[in-house]
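Reader: I am new to this structure and would like a close look at a single part of it. Could you take one helix and walk me through what surrounds it?

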Amino acid sequence: MIGKNTVECLQSGIVYGFAGQIDGVVRRMIAEVGSVKAVVATGGLAPVVIGECETVTHHEPMLTLIGLRMVYDKNS
């Protein structure tokens, strides 16, 4: 986690900072709505941080396309 130069420190701050933000938001949402079955990370950069997240349980990079396909199938 502790970088040995400026670049490594910036990279560490970005990865661990975003992982902490994600975990914080998820914990607050769980406190508000109760328990959840899954927390799904999406998007192209999700794999960069999900390894450091404590609350993310699944990764689905194509969630938007899957949803659009479901809408298309339902309407055709």
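Author: Let us take helix α1, whose buried residues are covered by, among others, α2 (46-49); contact here means heavy atoms within 4.5 Å, and helices (H or I, at least four residues) and strands (E, at least two) are DSSP runs numbered from the N terminus. This is a predicted model, in which local features need pLDDT of at least 70 and side-chain atom pairs count only at pLDDT 80 or more, while totals for chains, interfaces and linings use all residues. Residues are numbered from 1 along each chain as its sequence is written, and side-chain values use heavy atoms, with hydrogens and water left out.

The 28 residues of α1 should span 40 Å at 1.5 Å a residue, and the end C-alpha atoms are indeed 40 Å apart, which agrees; the expected span is 1.5 Å times one less than the number of residues. At the start of α1, a side-chain oxygen of N5 comes to within 3.2 Å of the backbone nitrogen of V7, a polar contact being a pair of N or O atoms within 3.5 Å, where within protein one must be able to donate a hydrogen and the other to accept it, and residues adjacent in sequence count only if both atoms are side-chain atoms. Just after α1, G34 has a positive phi of about 100 degrees.

The buried residues of α1 are S12, V15, A19, D23 and V26, where buried means under 20% relative accessible area, exposed over 50%, and partly exposed in between (1.4 Å probe, protein chains only). S12 counts as buried because its relative accessibility is 13%, and, leaving aside neighbours within four places in sequence, S12 is in contact with M1 and G17.

D23 is buried yet has no salt bridge, and the nearest side chain of opposite charge, R27, is 4.6 Å away. A salt bridge is a side-chain nitrogen of Lys or Arg within 4 Å of a carboxyl oxygen of Asp or Glu; Lys and Arg count as positive and Asp and Glu as negative, while His and the chain ends are not counted. Not counting residues up to four places away in sequence, D23 touches E52, C53, E54 and T55.

A19 and V26 also belong to the largest nonpolar core, seven residues in all, together with V39, A41, A46, C53 and V56; such a core is a set of buried Ala, Val, Leu, Ile, Met, Phe, Trp, Tyr and Cys residues joined through side-chain atoms within 4.5 Å. Within that core, A46 is in contact with A41.
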